[in-house]
Amino acid sequence: MPDELTLWYEEPAVDWETQALPIGNGPLGAMVFGGVATERIQFNEKTLWTGGPGHDGYDFGDWRTPRPDAVAEVRRRIDREGRVPAEDVAAVLGQPKTGFGAYQTFGDLHLDFGAPGGAGGYRRELSLSEAVARVRYTAGGVTHTREYFAANPGNVIAGRISADRGGAVSFTLRHTSPRDDKTVTAEGGRLTVRGRLADNGLVFEAQVQVIVAGGTRTDTGETITVTGADSAVFVLSAGTDYADTYPRYRGEDPHARVTAAVDAAAALGYDALRAAHVADHRALFDRVRLDLGQSAPESGPGKGETDGSAGLERGGPGRGPAGPVRSGFGGPVPTARLLRGYTGGDGPDERAVEALMFAYGRYLLIACSRENDILPANLQGVWNASTSPPWSGDYHVNINLQMNYWPAEPANLHETAVPYDRFVRALVEPGRRTARDMYGARGWVVGNETNPFGFTGVHDWPTAFWFPEAAAWTTRHLYDGYRFTGDLEYLRETAYPVIKGAAEFWLDFLHTDPHDGLLVVSPSYSPEHGDFSAGAAMSQQIVREVLESALAAAAALGVDEEFRAAAEAALGRLDPGIRIGSWGQLQEWKEDLDSRTDTHRHVSHLYALHPGDRIAAGTPEAEAAAVSLEARGDGGTGWSKAWKISFWARLLDGDRAHRMLAQQLRTSTLDNLWDTHPPFQIDGNFGATAGIAEMLVQSHRGEVHVLPALPAVWKDGSVSGLRARGDVTVDVSWRDGVAETITLRPGRTGPLTVRTSIANHCHLHDDGEGKAAPRRLRDHGGGEAASRRLRDDRGIAPRRAGDTLTWEGVAGRSYVISRW
Ligand code: FUC
């Protein structure tokens, strides 16, 4: 049943990028167009990549011939001249890309229905709660319904085509793709697409099984035709012989796997498959609920008039006895119109867009990154209709891949980060070789961007080819994953070896600045901006962070004394990378070079504010960060705007954070709610979801800060299921901008500190064990509930200090803070 978290449209999609609707199960993704005469379902499998081993001359980005003095030469010049143009450095250290490859479309399924004649009542929708896409229209008195989903259990994409009159389903299914290195066959209602990429020999295969109820099914060469059926179902699976193992990156032929997946799904049947899918999706999606006032009951339509359209299963017009229906079924205003009417001002429709955007980021992450995935979400998640997508649809690691996973922990989707961790771990082996051969260092390294084939070296685009700090930055989530979960096993087995290797690299590769004797990164390049120099702010901040994380992790595990001593020594001499400049700004470089009129999209020098946590709100450095942010302005690419939501949230300025969210929604969001750089780039979706979470709960400074950056327009609301570091799940309801009820559910026993503006006028109460998140938080807060709790005798007396409360939390219990 569709609900308010539904994107819906009154016409079919024509354009892939801005209108089609994404479904996905991690490894597989598809874009649904919903055409009446022809349905187009473009699909992907995440490992279908050109490039890498198999492509002639693939070199992993490592220098083809040794350049023993190259780095030293650049360093000497930087020591001498301070700044060196990026072109000059690229000429010495760069090398053209060979065989980097690109993420590939698997092609399109077309369902040709023939000319329908006068179709009406058209609706196309995507339910985020169920992860099901639907199309409905009426033609010749028959209502046609199509439904699609991508199930992680069983690894298939499934669709059902039905009608409300028997025998009315007829279509021909065919596959097209821009490639000619494949064959298509049809037999027994199964279409098989198989081939070998001409570029690198990667074997790929997709199978689609068509099953009919009533009518006939005919295999016709490269197509399958259904005639006069009551309904028809298809299930599709796909795979390649990619493996994430260095140096060959090849595994088993996909044929057996794909056959088994399609056979199993076909045997299971549509209803069981759908039920398993919805349950699987909901187990993740339903963990978090956000109410910003978007579902104000019975408030009548917003600025768009009601159009009589209702959820597909509803069948009738959208007017109930109580007048126009505004809540449920995606609301009365189609999503594109809702978005176009969005200003960021007051009103339930404004909040509806924001709540949808938040939920969409969670939906998308579940749809393109799952625990059984080999590869993480790329620049477009899992969705790509091209053979040469923007930036190859790759893994940029100077912010983009990391940003994809910013919501994973706070928005309670820890499992979605499993392929990210796996990918970073898989970079270690090739990255060690690159560290040794190119940098003469231990540990491991990766540059500005990478591919699924261990590309850990460099290329030669001057402003984007050199960023060895990326390896350290990619490990930030690994340490943070431990901070969120407190899982020592994860730290020991998964995170620490990777973090340690990234830290070791810098123990060997830092340079002593001859001007002050401090340890600096050199050559250093603030992402995609300015000249090369020594010790740019971001370089130093990242290196400090990885050394500190490695130290803390080693201490928590009680290992590696010698390494810890070396890391401590380096930290003692490390240039801080945080400086306040002549106009009160945070400096992007060690020298005070920042221009007040520079609006560059990367705000790299604020790394220590977010995603890092060294700069705390209320300090002079935070003030300086605000000065820099003001100067950079509210513009930029989609992901840049999304990042700025989190920056302002970390500065505890809810209205400015909201202004950035509004800016992103107004100027960098497409009709299908995809973020646009432009073009479409999914990091901005994830950055926005993370930014919203950051406005509601923060936990990067050893305490759970509740409603740290609530904007005035989010007057009343509630959220449940957000996660805080220390293995705590947080619910909060608020009224008039002030928390009413805060519930914390720690997964571990130990001290809990909460920062809240109600710290000095509230009660803390142990609400017992195993309390699930309340279904409707609006009913949960409020004075009455609070006074009921007052009468309860399970009150706890926390230690109070300023705006904080501290007490001993016990794993598995619920603690409720109620305002009085
Ligand atoms: C970084 C950004 C670009 C783009 C690219 C994929 O290099 O600077 O804006 O997002 O990644």
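**Exercise 1. Classify the exposure of Arg 77 and describe its surroundings in this predicted model.**

At 26% relative accessibility, Arg 77 counts as partly exposed, because the class applies between the cut-offs of 20% and 50%. The residue belongs to helix H1, which covers residues 70–81. Once its neighbours within four places in sequence are left aside, Arg 77 is in contact with Gly 82, Val 84, Pro 85 and Asp 88. A further step looks along the chain: Pro 523 is 446 residues apart from Arg 77, and the C-alpha atoms of the two are separated by 9.6 Å.

**Exercise 2. Determine how helices H12 and H13 are oriented to each other, and which residues make their contact.**

Begin with the geometry: H12 (residues 537–557) and H13 (residues 561–573) pack at an angle of about 150 degrees, and their axes are 10 Å apart. Since angles over 145 degrees count as roughly antiparallel, the two helices are therefore roughly antiparallel to each other. The crossing of H12 and H13 is left-handed.

Next, list the residues on each side of the contact. H12 contributes Arg 544, Leu 547, Glu 548, Ala 550, Leu 551, Ala 554 and Ala 555, while H13 contributes Phe 563, Arg 564, Ala 567, Glu 568, Ala 570 and Leu 571. Sorted by class, the residues of this contact are nine nonpolar, no polar and four charged. For the spacing within such lists, it helps to recall that an α-helix has 3.6 residues a turn, so residues three or four places apart point the same way.

**Exercise 3. Check the length of H12 against its expected span, and decide whether H12 is largely enclosed or not.**

The expected span rests on 1.5 Å a residue, taken over one less than the number of residues. For the 21 residues of H12 this should give 30 Å, and the end C-alpha atoms are 30 Å apart, which agrees. As for burial, 17 of the 21 residues of H12 are buried, so the helix is largely enclosed by the rest of the structure.

**Exercise 4. Describe the backbone and the contacts in the stretch that follows H12.**

Just after H12, Gly 558 takes a positive phi of about 65 degrees. Val 559 is then found in the loop between H12 and H13, and with a relative accessible area of 30% Val 559 is partly exposed. Not counting residues up to four places away in sequence, Val 559 touches Tyr 496, Ala 554 and Arg 564. The C-alpha atoms of Val 559 and Arg 492, which are 67 residues apart along the chain, are separated by 9.9 Å.

**Exercise 5. Compare the packing of H11 with H13 and of H6 with H16 by angle class.**

For the pair of H11 (residues 488–509) and H13, the angle is about 50 degrees and the axes are 11 Å apart. That makes H11 oblique to H13, and the crossing of H11 and H13 is left-handed. Their contact is made by Tyr 496, Lys 500, Ala 503, Glu 504 and Leu 507 of H11 and by Phe 563, Ala 566, Ala 567 and Ala 570 of H13, which divide into seven nonpolar, no polar and two charged residues.

For the pair of H6 (residues 348–368) and H16, the axes come within 11 Å and cross at roughly 85 degrees. H6 and H16 are therefore roughly perpendicular to each other. Here the contact is made by Arg 351, Val 353, Glu 354 and Met 357 of H6 together with His 658, Leu 661, Gln 664 and Leu 665 of H16, and by class it has four nonpolar, two polar and two charged residues.

**Exercise 6. Locate the cis peptide bonds of the loop between H16 and H17, and the positive phi values of Leu 652 and Asp 727.**

As a reference, most residues other than glycine have a negative phi, and most peptide bonds are trans. The peptide bond from His 677 to Pro 678 is cis, with omega near -10 degrees, and the bond from Pro 678 to Pro 679 is also cis, with omega near 5 degrees. Pro 678 lies in the loop between helix H16 (654–667) and helix H17 (683–696), and Pro 679 is placed in the loop between H16 and H17 as well.

Turning to phi, Leu 652 has a value near 65 degrees, positive in a residue other than glycine; Leu 652 sits in the loop between helix H15 (638–650) and H16, and it is partly exposed at 37% relative accessible area. Asp 727, likewise not a glycine, has a positive phi of about 65 degrees. Asp 727 is found in the loop between strand S26 (717–724) and strand S27 (728–735), and at 12% relative accessibility Asp 727 counts as buried.

Technical notes. Residues are numbered from 1 along each chain as its sequence is written. This is a predicted model: local features need pLDDT of at least 70, side-chain atom pairs count only at pLDDT 80 or more; totals for chains, interfaces and linings use all residues. Side-chain values use heavy atoms; hydrogens and water are left out. Axes are lines fitted to C-alpha atoms, for helices over the stretch in contact, and angles run from 0 to 180 degrees between N-to-C directions. Helices (H or I, at least four residues) and strands (E, at least two) are DSSP runs, numbered from the N terminus. Angles under 35 degrees count as roughly parallel, over 145 as roughly antiparallel, 65 to 115 as roughly perpendicular and the rest as oblique. A crossing is left-handed if the near helix is turned anticlockwise from the far one by less than a right angle, and right-handed if clockwise. Contact means heavy atoms within 4.5 Å. Ala, Val, Leu, Ile, Met, Phe, Trp, Tyr, Cys and Pro count as nonpolar, Asp, Glu, Lys and Arg as charged, and the others, Gly among them, as polar. Buried means under 20% relative accessible area, exposed over 50%, partly exposed in between (1.4 Å probe, protein chains only).
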